[in-house]
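Q: Can we go through this one label by label? For each term I'd like to hear what stands behind it.

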Amino acid sequence: MIQFSDASVTYAGGVHAMQHLDLTIEQGEFVVIVGLSGAGKSTLVRAVNGLVPLTGGSLQVDVRPGRSLGGRSEGEPTSYDVVGLTGRRLRDLRAEVGMIFQGFNLVKRTTVLNNVLMGRLHRVPTWRTLLGMYPADDVELAMRALERVEIVDKAYVRASNLSGGQQQRVGIARALAQEPSIILADEPVASLDPPTSHAVMRYLQQINREFGITTIVNLHFLDLATRYADRIVGLRNGELVFDGPGSAADEHVFRDIYGRSLTADDVMGEEERGGDAEAVVTPPTSPA
Amino acid sequence: MSATAPSRRVARPDEPPPSRFGVAMGVLFVVMTALSVVSTGFSLDGIIEDLGRRNDSISGLLNIDLSVITSTRTLTAFVETLQMAVVGTIIGGAAALPLALASTEVGARTTTVRWLVRAFNNVVRAIPDILWALLFVAMVGIGVLPGLLALVFFSIAVTTKLTSDVLDGIDLGPVEAADATGAAHVAKLRTAVVPQILPAYSSFLLYNFELNLRASAVLGLVGAGGIGTRIEFYRSAGRWPEVWGIIVLFFAITFVVERLSIMFRRRLV
Ligand SMILES: Nc1ncnc2c1ncn2[C@@H]1O[C@H](COP(=O)(O)OP(=O)(O)OP(=O)(O)O)[C@@H](O)[C@H]1O
Ligand SMILES: [Mg+2]
């Protein structure tokens, strides 16, 4: 469970990027955050793992390690008071929260596998990391994560040699390798074409369903939001202006959230098949 | 919007006058040069006259003695020079990586650490190689050890400076990603930063090795071991043919090393 209570973020420049937010997200939910550029979407997701510190209010994050790639048994739930969290405890929390970035944030000069192994850093002793000698179990987990996003064949390829969509799948694999109980995705498809975007969204959705990982995704595009979200949260000027199921979010709602009428730039469009070769890759349907 | 049909003629701007800074620098350069020529009494006549005079070192070049190359003493001194250069590069270069990392915002854990390391790096860089050699000769006596120590510090200065410049331009995305996974500081640097700079860093080490090889010829002049010791031995005895023989060998070796190094470095970056 993620619980913002009267939470605020004011940046050094005086911008109120989050204002008195009250928001509770239950374990296993798939939430999409929408809002105009500058509405505070990134601020909200980054607050969850403490990358952006709150300047007011409180934020509690409860993690309950559930089913995961490594078959990690149901761990004991841990509760984190994110405000003021530092050092080891902060890193413990972050290890439970996978993050996916708009720009993928891969180390381009190294292999796909090494990038995914980054998701294991919290578990691997530092001397092993320094020598690049990862335990076999962690390598196995990284490989499984790559299999989950169907890109294990590229394990030993340099990340710079992958297409954008493939790089984002590696980004997802890196998050998965953490065996997280929460995944945050900050505009994961903003630099991808429509078919690839749909593929990436489907992976996220299936991972959410299969492992019960709480998933929070920032999106620009309304059609993507309504199609994949269980729940949509609308932000404007750092304030919550909509919170409801994906099905309830129609054009009027979006007009409210955006404070203007909708344009073609607000929708991503359908996935045209047969364009990008990798786009036709359909994730396997997970056993329900 | 077609280029052939501009909607309105825009007046072309006048060429801006040369910047004041540029003019000032130009004037300064001319004045400094003139002052130096006058104050040192520089004259081409003097140089030509000196060159024409009988000169032991120049006549030594004409009677160059290449047989010194095969003498065991020379060869031993050369091996010593190579060893000093290799070990100096390895130790100094290894120390330079953490020192370079800790001098940057990403690499240093706290601002205090960063400023301390920067201050240290600046001091090391301010001292030239020959001065290090003099210092260590005074501290540990004549021999290979002071030369090696001098090269270690010289390597730290060179490689730290070059590496930290590269660190300023790395992609911070992976660093953020590593932070988000809950990685410890050192693990983050190892996985998100080092792979980005590794090719450049390796190339700097090779370049540093070239510099060390050349520096080691000079270090011997102050008693810090290596081939410079032999050069100084023959020079002080006025045996210029042998001095030139050693210089030719030294030139050949540095040339080969430099070619090899450039070849490797091309492949790295
Ligand atoms: N580090 C920062 N320092 C100062 N102001 C910031 C910082 N990060 C964000 N802001 C400001 O806070 C507000 C919210 O930013 P945020 O990045 O959360 O918006 P967003 O909804 O993610 O926008 P986008 O769609 O453009 O990514 C913006 O006005 C932004 O300029
Ligand atoms: Mg954003």
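A: Sure, starting with what gets counted as a helix or a strand: both are DSSP runs, with at least four residues for a helix and at least two for a strand. By that count, chain A has nine helices and ten strands. Keep in mind that this is a predicted model.

Q: What makes chain A as compact as a globular protein of its length?
A: The globule rule takes 2.2 Å times the number of residues to the power 0.38. For 288 residues that gives 19 Å, and the radius of gyration of chain A is 19 Å, so chain A is as compact as a globular protein of that length. Its C-alpha atoms fill a box of roughly 50 × 50 × 40 Å along the principal axes. As for burial, 55% of the 288 residues of chain A count as buried. Of its contacts between residues at least 6 apart in sequence, 70% join residues at least 24 apart.

Q: And why is chain B called more spread out than a compact globule?
A: Same rule, other outcome: 269 residues should give 18 Å, but the radius of gyration of chain B is 26 Å, well over that value, so the chain is more spread out than a compact globule. The C-alpha trace spans about 80 × 55 × 40 Å along its principal axes. Buried residues make up 39% of chain B. Among contacts in chain B with a separation of 6 or more, 76% come from residues 24 or more positions apart.

Q: What secondary structure does chain B have?
A: Eleven helices and zero strands. Read along the sequence, the pattern is α-α-α-α-α-α-α-α-α-α-α.

Q: How do you know that A:R46 and B:E176 form a salt bridge?
A: The cut-off is a side-chain nitrogen of Lys or Arg within 4 Å of a carboxyl oxygen of Asp or Glu. The closest N and O atoms of A:R46 and B:E176 are 2.2 Å apart, so the pair passes that test. It crosses between chains, from helix α1 (residues 41-48) of chain A to helix α8 of chain B. The count between chain B and chain A is one salt bridge, while a search of the whole structure finds 17 over all chains.

Q: Are the two partners, A:R46 and B:E176, buried or partly exposed?
A: One of each. Buried means under 20% relative accessible area; A:R46 has 16%, so it counts as buried. B:E176 has 25%, so it counts as partly exposed.

Q: What else makes up the contact between chain B and chain A?
A: The contact takes 20 residues from chain B and 27 residues from chain A. The area buried between them is about 1800 Å², with carbon and sulfur atoms giving 63% of it. Seven residue pairs are in polar contact. On the chain B side, the elements giving two or more residues are α8 (173-180) and α9 (185-219). The largest share, eight residues, comes from α9(B). That side of chain B divides into eleven nonpolar, five polar and four charged residues.

Q: Why is B:N212 called buried?
A: Its relative accessibility is 0%, so B:N212 counts as buried; the cut-off is under 20%. B:N212 is in helix α9 of chain B. Beyond its neighbours within four places in sequence, B:N212 is in contact with B:A85, B:G88, B:T89, B:L151, B:F154 and B:S155.

Q: What makes the pair B:N212 and B:T89 a polar contact?
A: The limit is 3.5 Å for a pair of N or O atoms. The side chains of B:N212 and B:T89 are joined at 2.9 Å, so the pair fits the limit.

Q: Why are A:D92 and A:R88 said to be about one helical turn apart?
A: Because they are four residues apart in helix α2 (residues 87-95) of chain A. They form a salt bridge, with the closest N and O atoms 3.5 Å apart. A:R88 has 48% relative accessibility, so it counts as partly exposed.

Q: Why does the pair B:E232 and B:R235 get the words "about one helical turn"?
A: Because B:E232 and B:R235 are three residues apart in helix α10 (residues 227-236) of chain B. Their side chains meet in a salt bridge at 3.1 Å, N to O. B:E232, at 22% relative accessibility, counts as partly exposed, and B:R235, at 39%, counts as partly exposed too.

Q: Which residues of chain B are linked in a network of salt bridges?
A: B:E210, B:R214, B:E258 and B:R265.

Definitions and conventions
Residues are numbered from 1 along each chain as its sequence is written. Chains are lettered from A and ligands numbered from 1 in the order in which they are written. Side-chain values use heavy atoms; hydrogens and water are left out. Contact means heavy atoms within 4.5 Å. Buried area is the accessible area (1.4 Å probe) that two parts lose on being put together, summed over both. A polar contact is a pair of N or O atoms within 3.5 Å; within protein, one must be able to donate a hydrogen and the other to accept it, and residues adjacent in sequence count only if both atoms are side-chain atoms. Ala, Val, Leu, Ile, Met, Phe, Trp, Tyr, Cys and Pro count as nonpolar, Asp, Glu, Lys and Arg as charged, and the others, Gly among them, as polar. Buried means under 20% relative accessible area, exposed over 50%, partly exposed in between (1.4 Å probe, protein chains only).
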